[in-house]
Amino acid sequence: MTGVVEQPNVFVSRFEEFAKTGAGAPWLARIREQAIERFATLGFPTTREEEWRFTSVAPIARTAFEPAVPDGRGVRAADLERLLFTAPNLVQLVFVNGRYASGLSRIALPRGVAAGSLAEALQGGSAEVEQHLARYAAFDQHAFAALNTAFLEDGAFVRIPKGTVLETPLHLIFISTTAAAPSVTHPRNLVLAERDSQATLIETYIGIGEQVTFTNAVTEIVAGENAVIDHYKLQLEPVNSFHVAMLQVQAGRSGNVSSHLVSIGGALVRQDSGIVLSEGTEATLNGLYLVSGDQHVDNHTAIDHAKPHGTSHEVFKGILDGRSSAVFNGRILVRPDAQKTDSKQTNKNLVLSEEAVINTKPELQIFADDVRCTHGATIGQLDAEALFYLQSRGIGRSEARDLLVLAFARDIIDRIKVEPMRHRLEQILFERLHVNRQ
Amino acid sequence: MALLEIKNLHAKVGEREILRGIDLSVNAGEVHAIMGPNGSGKSTLAQVLSGRDLYTVTEGEILFDGRDLLEMSPEDRAREGIFMAFQYPVEIPGVSNLYFLKAALNTIRKSKGLPELDAMDFLNVVREKMALMEMDQGLLNRAVNTGFSGGEKKRNEIFQMAVLEPRLAILDETDSGLDIDALKIVARGVNSMRAPERAMIVVTHYQRLLNYIVPDFVHVLAEGRILKSGDKTLALELEETGYAGLEETEAFERA
């Protein structure tokens with residue numbers, strides 16, 4: 001893999017330029033420096049590494065990506081409505097090629113709630129940003145997180161003050177528009193939910209254009225004591241794009257955090273999602289992936305029961321067609337102190353073709369003795385009896401097939417509490433299943 | 001012309017021949033009972049009529065309203081007006097009864113050139129039929145057959161039949177596993193559907209059902225052939241002698 005060795009140097013040399021022009025406080029410059037050094041040492045991962053055994057990032061490593069130009073002019077509000085979902089009360093923050101686009105954003109928030117551009121918060125010298133940024137999404141062992149951290153500039157910064165209940169979901173929309181050459185963005189999001197606060201956040205990733213894009217995103221969520229956070233992510237980028245992302249959630253004592261990760265687009269997708277639980281935290285991490293053609297999606301999850309009395313539920317469901325492939329690796333760590341942990345993990349896969357490949361692996365590391373941890377994985381096909389039953393009532397074979405595929409995903413879809421998102425997702429799934437059949 | 005014409009039908013599953021030359025003619029307005037011991041081929045006949053691809057027809061033909069039924073997909077058969085109440089209704093978690101039945105009805109209506117029904121119209125159609133089958137409306141919002149009791153599943157089949165209004169209804173051992181109260185409800189639903197333009201084939205192992213759904217004709221199936229046909233008294237006769245007795249007589253007669 002000779003080409004793979006050289007590309008990090010392209011990023012490293014570009015970093016020197018970036019560091020010169022990129023303004024920032026000394027503390028930020030230090031973090032960026034550490035990150036690029038770490039990236040230079042790690043290089044892009046290879047399939048010889050256990051964590052990347054089934055996901056080759058060679059297509060990313062061998063592409064000469066240009067930094068995406070932050071130009072919001074090519075995007076109109078109508079595009080967003082057509083591609084996504086909207087509701088009168090939805091607060092929306094839009095980022096085009098990694099940079100905040102105020103003209104497309106719509107913000108009406110209660111007093112004290114901050115939601116806007118991370119770049120602006122950095123310029124404003126926010127002490128909270130300095131206190132929290134890059135403290136949770138560890139980049140010492142993860143080359144892509146290191147790369148994101150080295151080049152971090154903008155993304156969403158959200159702060160919900162103590163005791164504030166945000167009734168309206170916050171929709172963070174990341175649009176990649178394409179240039180003449182393949183381009184890369186490194187969106188960086190920081191969400192601080194103080195104690196007793198409550199909020200719903202949606203991250204949506206879409207792309208417009210023909211050229212290849214690479215989104216390398218990192219989201220850190222810090223939920224305080226008793227805070228309730230519902231997080232959703234909808235990855236809908238074009239099927240020729242690359243998407244690598246890390247989500248790291250630090251949950252507070254007695255808090256309740258949930259995340260639903262839906263991955264539909266992308267040629268090569270890797271999502272690392274971690275939640276660290278405190279005492280009595282309830283955590284939910286669910287996922288749905290739908291791949292066909294030559295798509296590849298890899299979900300690595302890590303639930304860290306650091307303290308006693310934590311509960312975690314994890315359900316990932318995959319639908320694979322064509323020559324697609326998917327990876328699920330679910331790590332559950334129960335630390336010695338985390339007695340009375342209750343943890344459940346399930347990964348179910350529906351394989352619709354002969355050629356599709358799924359690799360699924362639970363990884364339980366339990367160091368406490370009074371815990372309950374269960375896990376299970378299944379791989380199955382469509383139920384022929386059910387298919388015939390639907391057909392025997394007049395429903396056409398292909399529609400019956402779609403109905404059963406959606407039924408398989410139903411429990412994940414139904415857990416999405418944001419109604420316009422749920423409806424749009426159903427439509428998107430239907431459309432995608434229809435396209436896959438062509 | 002008969003609504004359904006089965007001529008010399010042979011069918012096998014795998015290498016095993018199950019139907020060995022069935023001839024049967026069913027006119028609109030008639031109710032035919034098909035009885036026979038386990039393994040005689042009565043369920044296979046029902047499944048072949050509905051288009052289940054587990055079975056291969058090796059010989060013979062089936063005409064439905066003069067058209068070659070064996071050429072049609074299961075969904076086309078349903079759209080042409082064939083309905084089979086399953087012996088074992090299939091559970092489909094994640095698909096609501098409401099969505100399923102509305103989709104089915106609208107597909108069938110569309111194929112007839114009728115406008116599709118919206119949710120309100122659909123509810124009006126089903127309300128009365130659910131009451132007839134003594135089904136709780138809450139069942140509409142539950143997943144198809146999922147967590148239903150045996151009796152609920154069978155009633156749900158007849159309810160679907162009442163909504164889809166087929167021209168030929170095939171009941172595949174709809175009575176099996178039903179207590180007498182459920183049996184009466186099912187029979188009432190079926191009887192309410194009897195009409196001059198509609199034919200029914202009632203497949204059953206037991207004569208009991210035929211006390212409630214009185215057939216015009218009774219056929220006895222054994223080893224993949226119709227051994228004997230008669231009117232409703234044949235069922236009573238069978239009740240007396242049992243299938244074993246009948247087979248002996250037939251063997252004797254053939255000898």
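So, Arg397(A): buried or exposed? Partly exposed, because 14 other C-beta atoms sit within 10 Å; 20 or more would make a residue buried, 12 or fewer exposed, and anything in between is partly exposed, with C-beta atoms placed from the backbone.

This is a predicted model, so to speak of local features we need pLDDT of at least 70, and side-chain atom pairs count only at pLDDT 80 or more, while totals for chains, interfaces and linings use all residues. Residues are numbered from 1 along each chain as its sequence is written, and chains are lettered from A, ligands numbered from 1, in the order in which they are written.

Back to our arginine. Arg397(A) lies in helix α9 of chain A; helices here are DSSP runs of H or I, at least four residues, numbered from the N terminus. Leaving out residues up to four places away in sequence, Arg397(A) touches Gln391(A), Ser73(B) and Glu75(B), contact being C-beta atoms, placed from the backbone, within 7 Å.

Now the interface as a whole: 15 residues of chain A contact 20 residues of chain B. On chain A, α8 (384-391) and α9 (397-414) each supply at least two of the residues on that side.

And how far can we trust chain A? Its pLDDT, the predictor's confidence in each residue from 0 to 100, averages 93, with 97% of the residues scoring at least 70. Residues 1-5 of chain A stay under 50, though. Where pLDDT is low, the predicted coordinates should not be read in detail.

Conventions:
Contact = placed C-beta atoms within 7 Å.
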